[in-house]
Amino acid sequence: MINPSASGWIDKFFLKQESSELAAEMHPNTFYKKVRETGFIYGHIVAFDTPFPINTKGWLQNEISKVALLNTLYGIYELTAKENNPEKFISKAVNFYNQMNPQGFSFFKKILPDDSTSVTLEKIIDSRVQTNIDIINKNFSHIVTNALLFIDVLAFRQYLIHGEIPEKYLKKIEEAIISIVSLALKTKSTKSKYDDLLIKLFESSVRYSKFSKVNVQSQNFGMSELKLDYFTYILEKQYLVDMAGMSLWTDGIIEKNEAYFLYKLAELMEVPDDFVTESMQKTNEFITTYKKEIPYFNYSNPVKHFYDQTTQTVVKLITRNKNRLIKEILESKELMVLLAYSTRRDLSEKEKKKVRKQLLDIFKTIPSLAIFLLPGGSLLLPIFIKFIPTLLPSSFNENLENEDS
């Protein structure tokens, strides 16, 4: 089984996935539709289009996103280079990200000189799916940011064709998406509670262009101002249509004027009407099915949603690292006693500081628990402490009772 939080997962992925069908043999339209079915386009991955199934039981959302990004990048590599060569792909992907690394986006800081190429790519991908250092914001923004990950896929294709990313390509496609989404929202006769949130999420998601409200929200800004001639590849056009459709779905209804907007947008880019019809249908099916799982649509009660999401994350991390955690905690007698006390009474401030310090020392030794060391990670500690005693053996409480007597 692959563990996307442990070093070596990319090599293991390719070892397991002996591709029996080259994506190069597909039509780009077929490739795009398969990617969309996985949820990658929408930023909420629910499956993988791989020759052999991948069991994601117990995985965190960012781990699913990492494998999905790798798999989709490899798919576009097969489609563009017309070859199945994981080793060559990994090398090209690292070079691609090295070139696209925007100023101030520091995902190369963690890379060491002696890292293998595949481990280097693992670290880059890990950084690409980390949407926000702040954990609270992350729960509400990752749906949009990870939807924009398909930009990486489109830019990688450009890199494979030209040997470099065309100048300002990333900036232009981000600006096109922002303009289209904002213009789509302007066409809505009934505003939903999610519309303003969507714009805010896009503001926090763009990496290569400054989010400009002036142009897009100007009364004079219309479809004729959209500069879409630059995008000539079918996947670029289809992606732009789907992004517009996703933004219009926010109230669960696409009205006649909104559908008209989508068809006119498609006409402007020479995308067939049947793709627009299918796009609206697929978007509706996907979001209707997974709405309860998508953070963006659970914004009405952010505190409850944050607690639910983080609790699930903590429980998964504890379960996955159960044996290692028990071993480390049992070796620290003082920590073990304090955790037991915490199930019976409130700890003093001095005791809480001791627990935090000793837990953080343990987290440093377990890579999968590094999330607790990030800014905001301390917010998860009370949830973590709450679940720890349930993992420990029955002798845990018995020993404490002996000490109390």
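The following paragraphs describe the nonpolar cores, aromatic pairs and salt bridges of this predicted model.

The interior is a suitable starting point. In soluble globular proteins, nonpolar side chains tend to be buried together. Here the largest nonpolar core comprises 84 residues, and Phe89, Leu121 and Tyr239 have the most contacts inside it. The surroundings of Leu121 can be listed once neighbours within four places in sequence are set aside: Leu121 is then in contact with Ile10, Leu70, Phe89, Ile90, Ala93, Val94 and Tyr97. Phe89 thus appears both among the residues with the most contacts in the core and among the contacts of Leu121. A second, separate core holds 22 residues, including Leu317, Leu325, Leu359 and Phe363.

Another buried residue is Leu338, which is placed in helix α16 (residues 333-342). Leu338 counts as buried because its relative accessibility is 6%, below the 20% limit for that class. Not counting residues up to four places away in sequence, Leu338 touches Leu347, Glu351, Lys354 and Val355. For one of these, Lys354, the separation from Leu338 is 16 residues in sequence and 8.5 Å in space, C-alpha to C-alpha.

Aromatic side chains add a further level of detail. A pair of aromatic rings is described by the distance of the centres and the angle of the planes. The model contains 20 aromatic pairs. In one of them, the ring centres of Phe13 and Phe14 are 5.1 Å apart and the planes stand at 85°, so this pair is edge-to-face. Phe13 is buried, at 2% relative accessibility, and Phe14 is likewise buried, at 12%. The rings of Phe150 and Tyr239 have centres 5.0 Å apart, but their planes are at 55°, and therefore the pair is classed as tilted. This pair links distant parts of the chain, since Phe150 belongs to helix α7 (residues 150-162) and Tyr239 to helix α11 (residues 234-248), 89 residues apart. Both Phe150 and Tyr239 are buried, and Tyr239 is also one of the residues with the most contacts inside the largest core.

Ring pairs also join Phe13, Phe14, Tyr74, Tyr77, Phe89, Phe96, Tyr97, Phe156 and Tyr159 into a cluster. Two members of this cluster, Phe89 and Tyr97, are in contact with Leu121. An aromatic ring also faces a charged side chain: Arg157 lies over the face of Tyr233, at 3.3 Å from the ring centre.

The structure holds 14 salt bridges. Three of them can be followed within single helices. Lys264 and Glu267 form a salt bridge at 3.5 Å, N to O; they lie three residues apart in helix α12 (residues 256-268), separated by about one helical turn. Lys264 is partly exposed, at 29% relative accessibility, whereas Glu267 is exposed, at 52%. In helix α15 (residues 322-331), Glu331 and Lys327 are four residues apart, about one turn of the helix, and their side chains meet in a salt bridge of 3.1 Å, N to O. Glu331 is exposed, with a relative accessible area of 56%, and Lys327 is partly exposed, with 49%.

In helix α17 (residues 349-363), the salt bridge between Asp361 and Lys357 has its closest N and O atoms 3.7 Å apart. These partners, four residues apart, are again separated by about one helical turn. Asp361 is partly exposed, at 37% relative accessible area, while Lys357 is exposed, at 54%. Beyond such pairs, salt bridges that share partners connect Lys33, Arg36, Asp242 and Glu278 in one network.

Notes
Residues numbered from 1 in each chain as written. Predicted model: local features only at pLDDT ≥ 70, side-chain atom pairs only at ≥ 80, totals over all residues. Heavy atoms only, no water. Core = buried A, V, L, I, M, F, W, Y, C linked by side-chain atoms within 4.5 Å. Buried < 20%, exposed > 50% of the residue type's maximum accessible area, 1.4 Å probe, protein only. Contact = heavy atoms within 4.5 Å. Salt bridge = Lys/Arg side-chain N within 4 Å of Asp/Glu carboxyl O. Helix = DSSP H or I, 4+ residues; strand = E, 2+ residues; numbered from the N terminus. Phe/Tyr/Trp six-rings, centres within 6.5 Å; stacked < 30°, edge-to-face > 60°. Lys NZ or Arg CZ within 6 Å of the ring centre and 35° of its normal.
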